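Here are a few exercises to work through with the model open in your viewer. Try each one yourself before you read the solution.

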Amino acid sequence: AVVSTQSTGIRVISNTVDHMMSLYKLVVLCAALAHVQCKRGGNNSAEIDDLKSLLLNSMQSIVSLDELVTELADKVARLTTDMGDTKDFMSTMSTGVAKKLGGLREDVDSTIDGLEMTQTQLEHLQAGNDLEPILERLVSLEETVSEPPLTDIMITSSEDDTPDSKCVRVCAGTTGRKSTDWTNYSTRGLTLTVDISACEFVGVPTVTTSIEGRGYHWRATGTSAVYNTSNTQFTMYLEGGREGGHNPQGGRADEWSWNVEWIAVGYTC
């Protein structure tokens with residue numbers, strides 16, 4: 001397309017030059033006629049004015065054609081430059097594509113060689129009856145992977161019928177030193193219901209508890225007493241020591257950071 005446009009531009013320039021030569025001849029002819037008319041001393045001023053007007057228009061046309069030739073020549077020059085740049089770009093792109101194709105060909109050849117080598121090794125294994133032990137070993141590994149991991153946890157008895165021993169889970173937690181929401185109970189006691197639903201037990205687990213804090217809980221009673229255990233929660237009741245200043249009510253349990261630490265063992269299926 002660039003070459004075609006360039007050829008068209010050259011033809012236009014050639015035709016424009018031909019028109020300029022024709023106009024130039026016309027200007028010369030008009031000038032000669034005007035000179036002859038003046039020499040004869042004619043008084044026909046209208047004819048002289050017509051000749052002058054024709055001469056002026058011809059000169060303006062020549063100037064316009066000259067500008068057009070200059071513009072076309074500039075465009076042809078730019079097209080020539082663009083065509084050179086396009087050739088350079090196509091050359092660079094062709095080189096890059098050739099390199100990529102060469103690398104791809106090497107990868108394909110390498111893959112084919114690897115497949116042929118693997119096929120040869122399998123044929124040797126089959127010929128020497130060495131493939132059967134390998135297949136047996138693979139089957140054994142598959143069975144081992146499919147089995148659940150062994151565990152030392154054993155539940156000898158539970159509140160429910162004994163489920164599958166593979167579903168045993170040990171779950172532990174704390175109510176938190178700053179987040180335990182104690183409720184007053186009686187005159188010196190506290191109560192708390194602990195949520196264990198995150199353990200996802202399907203039956204009643206075995207729960208063990210203790211009280212952790214900064215002080216005075218060593219005199220409390222009920223620290224391991226668990227009430228109304230279900231698969232989602234259990235309840236505790238505590239009573240502070242009888243000595244003065246050991247009553248946990250009135251916000252003292254929060255000041256002493258009393259919290260329940262628990263361990264639950266149960267089944268999940």
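The exercises below deal with a predicted model, and they go through disulfides, ring pairs, a threonine and the nonpolar core.

**Exercise 1.** Work out which cysteines are bonded, and where each partner lies.

*Solution.*
- Step 1: Start with the count, which is two disulfides.
- Step 2: Take Cys 167, which is joined to Cys 269 with an S to S distance of 1.2 Å. Cys 167 lies in the loop between helix 3 (131-146) and strand 1 (168-174), while Cys 269 lies in the segment after strand 6, so this bond ties together parts that are 102 residues apart in sequence.
- Step 3: Check the handedness of that link: with 60° about the S-S bond, the link of Cys 167 and Cys 269 is right-handed.
- Step 4: Move on to Cys 171 and Cys 199, joined at an S to S distance of 2.0 Å. Here the torsion about the S-S bond is about -75°, so the disulfide is left-handed.
- Step 5: Place these two cysteines. Cys 171 sits in strand 1 and Cys 199 in the loop between strand 3 and strand 4, so they tie together parts that are 28 residues apart in sequence.
- Step 6: Number the bonded cysteines of the chain in sequence order and you get the pairing 1-4, 2-3.

**Exercise 2.** For each of the four bonded cysteines, decide: buried, partly exposed or exposed?

*Solution.*
- Step 1: Cys 167 has 12% relative accessibility; buried means under 20%, so Cys 167 counts as buried.
- Step 2: Cys 269 comes out at 44%, so Cys 269 counts as partly exposed.
- Step 3: Cys 171 and Cys 199 are both buried.

**Exercise 3.** Classify the ring pair of Tyr 227 and Tyr 237, then do the same for Phe 234 and Trp 262.

*Solution.*
- Step 1: The structure holds five aromatic pairs. For Tyr 227 and Tyr 237, the centres are 5.0 Å apart with 90° between the planes, and the pair is edge-to-face.
- Step 2: Tyr 227 lies in the loop between strand 4 (206-212) and strand 5 (233-239) and Tyr 237 in strand 5, so the pair bridges parts ten residues apart in sequence.
- Step 3: On accessibility, Tyr 227 is partly exposed at 39%, and Tyr 237 is partly exposed at 28%.
- Step 4: The ring centres of Phe 234 and Trp 262 are 6.4 Å apart and their planes at 75°, so this pair is edge-to-face. Phe 234 is in strand 5 and Trp 262 in strand 6 (residues 259-267), so the pair ties together parts that are 28 residues apart in sequence.
- Step 5: Phe 234 is buried at 0%, and Trp 262 is buried at 7%.

**Exercise 4.** Describe the surroundings of Thr 235.

*Solution.*
- Step 1: Thr 235 is in strand 5 and counts as buried at 10% relative accessibility.
- Step 2: Its side chain makes a polar contact of 3.2 Å with the side chain of Thr 193.
- Step 3: Leaving out residues up to four places away in sequence, Thr 235 touches residues including Thr 191, Leu 192, Val 226 and Tyr 227.

**Exercise 5.** Find out how many residues the largest nonpolar core has, and which strands supply at least two of them.

*Solution.*
- Step 1: The largest nonpolar core has 20 residues, and among those with the most contacts inside it are Val 194, Phe 234 and Trp 262.
- Step 2: Strand 3 (189-195), strand 4, strand 5 and strand 6 each supply at least two residues of this core.
- Step 3: Look at Val 194, which touches Phe 234, Val 260 and Trp 262, among others.

Conventions
Residues are numbered from 1 along each chain as its sequence is written. This is a predicted model: local features need pLDDT of at least 70, side-chain atom pairs count only at pLDDT 80 or more; totals for chains, interfaces and linings use all residues. Side-chain values use heavy atoms; hydrogens and water are left out. Rings of Phe, Tyr and Trp (its six-membered ring) pair if their centres lie within 6.5 Å; planes under 30 degrees apart count as stacked, over 60 as edge-to-face and the rest as tilted. Helices (H or I, at least four residues) and strands (E, at least two) are DSSP runs, numbered from the N terminus. Buried means under 20% relative accessible area, exposed over 50%, partly exposed in between (1.4 Å probe, protein chains only). A polar contact is a pair of N or O atoms within 3.5 Å; within protein, one must be able to donate a hydrogen and the other to accept it, and residues adjacent in sequence count only if both atoms are side-chain atoms. Contact means heavy atoms within 4.5 Å. A nonpolar core is a set of buried Ala, Val, Leu, Ile, Met, Phe, Trp, Tyr and Cys residues joined through side-chain atoms within 4.5 Å. A disulfide is a pair of cysteine sulfur atoms within 2.5 Å.
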